[in-house]
Amino acid sequence: MKRLGTGRLMLLSLYWVALGYLWLPLGSQVIPVLVVHFVGESHKGLYTGLLESVGTVLAVFWQPIMGTLSDRTNTRFGRRKPFIVAGTAGSVVFLCLMALSGSYLWLFALYFLLQLSENAAQAPYQGLLPDVVPEAERSRASAFVGGGNLLGLAIGFGVVGTLMGMSRPDLALYSMAAVLLAAMLVVVLMFPDTVKAVPGANRGVLGVVRDTFNISPREHRDFLWLMASRLAILVSIAGLQRYVVFYFKDVFYPGTGQRLEELASLAARDLQVVIVLFALLASVPAAELSHRVGRKPLIVAAAILGALGTAGVVAAHVQFMPAFMTDPVSSLFSVPPALAQVLYFGILVGIGAGMFLSVDWAFMVDVIPANEGGRFLGFSNIATAGSGALAGFVGGFMIDVFNAQGRILDQPGGYPATFGLYIVCFILGALAVLRVRETRRRGGGPAPMLAGH
């Protein structure tokens, strides 16, 4: 397998940038506004939750099926590219039509179709990466996978947030379509798709579905332990980011009024910026280090940093850092000194998240069958998509229940209880990954850096 070089690895990861630009900004910034426009404030929670539920279920089941289908497809254009092209083309159409939708029913139908089309492209794209990336470059490719997704998310929040601030959801949706289309063209025009289909696989719809979810605990023990680790760690990261705005509002800005809610939202935005920034900074060094010392130590360290950062966040309502550390941050971000401590602990969470996201993909590729990347990397989306749903359901329930019970650690009890659960999940993720065997020979130095060609 021919080396790609750093430049071509970056180009190969552009579709990850597009996916980061699409999903989270769409779900957190565009869809809620459109739902309110169509159904009003009093029903926004129910109808937004219905959309998110449909998206999660489709992503969990549809993506691995399409990955399996691409593993066993033979065409003169390759086994991955037809799905990537057709799925992305459908996504572009549905995003543009979504910008023109005039009712909640149309929005729901188009979002459903978008989930079908884009997950049909995403799983084969994930399978293409191990098809074209040689083993010596997987560490660096993994950094670009994790970093590309984070970069797309950061750009998406900035650009889409600005367009939504101008009350132009149509332009936000058109921009998502344009980014997806451009990234798809780069991938399909610049990279080969020559790996042959999986031999001897079952055919037909039922055969594909049966084989997709036939993951033997004995044969694929390492993959399943890695999935468990991934689910636990992503539950913690997703839950912390989802509920920190409630934490800021109830602990640092208690009371009623729109201004207090705005201050809590701005503080949550600042924490997100810190987490994403330091995750990006950590991704490449972590991937290079994993090439030297192995994947497991980096994922264990990432989980420990995440647990320490989360513990610091939930304890930060009591100021314990010296003023020379908190005062400059408090002044820069216009937050109380105690809340400035949260931003410091956000650095730990960000570094941990960056380490995990930049190493996890390479470790996954190390342990799965070489020619079934579509199936197994699509199947791993059960942990990715499921983590957000699980974090939201369990976290929301615990916050309501424990807040009603009274105070813990001198704050509403839901936050120590819920964030404490996320700390436990970080630790469980570290313990689970220790059960995974490292089969890759560790490198004696960093992965070779070659000029793109």
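This report describes the overall fold, three helix pairs and several individual residues of a predicted protein model.

In this predicted model, local features require pLDDT of at least 70 and side-chain atom pairs count only at pLDDT 80 or more, whereas totals for chains, interfaces and linings use all residues. Residues are numbered from 1 along each chain as its sequence is written, and side-chain values use heavy atoms, with hydrogens and water left out.

## Overall architecture

The protein contains 16 helices and two strands; helices (H or I, at least four residues) and strands (E, at least two) are DSSP runs, numbered from the N terminus. The radius of gyration is 22 Å, close to the 22 Å that the globule rule gives for 453 residues, so the protein is as compact as a globular protein of that length. This radius is taken over C-alpha atoms, and the globule rule is 2.2 Å times the number of residues to the power 0.38. The C-alpha trace spans about 65 × 55 × 40 Å along its principal axes.

Of the 453 residues, 55% count as buried. Buried denotes under 20% relative accessible area, exposed over 50%, and partly exposed in between (1.4 Å probe, protein chains only). Among contacts between residues at least 6 apart in sequence, 83% join residues at least 24 apart, where contact means heavy atoms within 4.5 Å.

## Helix packing

Two packed helices are described by the angle between their axes and the distance between the axes. Axes are lines fitted to C-alpha atoms, for helices over the stretch in contact, and angles run from 0 to 180 degrees between N-to-C directions. Angles under 35 degrees count as roughly parallel, over 145 as roughly antiparallel, 65 to 115 as roughly perpendicular and the rest as oblique.

Helix H9 (residues 221–252) packs with helix H13 (residues 337–367) at an angle of about 160°, and their axes are 11 Å apart. The two helices are therefore roughly antiparallel to each other. Their crossing is left-handed, that is, the near helix is turned anticlockwise from the far one by less than a right angle (clockwise for right-handed). Residues of H9 in this contact include Asp-222, Phe-223, Arg-230, Ile-237 and Phe-252, while those of H13 include Ala-338, Val-349, Phe-356, Asp-360 and Val-367. By class, the contact of H9 with H13 has 18 nonpolar, no polar and three charged residues. In this classification Ala, Val, Leu, Ile, Met, Phe, Trp, Tyr, Cys and Pro count as nonpolar, Asp, Glu, Lys and Arg as charged, and the others, Gly among them, as polar.

H9 also packs with helix H16 (residues 414–433): the axes come within 8 Å and cross at roughly 160°. That angle makes H9 roughly antiparallel to H16. The crossing of H9 and H16 is left-handed, and their contact has 21 nonpolar, four polar and one charged residues.

Near the N terminus of the numbering, helix H1 (residues 5–12) and helix H7 (residues 169–190) have axes that come within 9 Å and cross at roughly 130°. H1 is thus oblique to H7. Arg-8, Leu-11 and Leu-12 of H1 meet Val-186, Val-187 and Met-190 of H7; these divide into five nonpolar, no polar and one charged.

## Individual residues

Ala-123 lies in helix H5 (residues 104–132). At 0% relative accessibility, Ala-123 counts as buried. Leaving aside residues up to four places away in sequence, Ala-123 touches Gln-63, Met-66, Gly-67, Gly-374 and Gly-378. Ala-123 and Ala-86, 37 residues apart in sequence, are 13 Å apart in space, C-alpha to C-alpha.

The following table places four loop residues.

| Residue | Loop | Relative accessibility |
|---|---|---|
| Ser-167 | between helix H6 (138–165) and H7 | 59%, exposed |
| Gly-257 | between H9 and helix H10 (258–293) | 36%, partly exposed |
| Ser-334 | between helix H12 (323–333) and H13 | 58%, exposed |
| Pro-336 | between helix H12 (323–333) and H13 | 26%, partly exposed |

Ser-167 has phi near 60°, a positive value in a residue other than glycine. Ser-334 likewise has a positive phi, near 55°. Pro-336 touches Tyr-253 and Ser-330, not counting residues up to four places away in sequence. The C-alpha atoms of Pro-336 and Gln-319 are 9.8 Å apart, with 17 residues of separation in sequence. Gly-257 and Tyr-15 are 242 residues apart along the chain, and their C-alpha atoms are separated by 41 Å.
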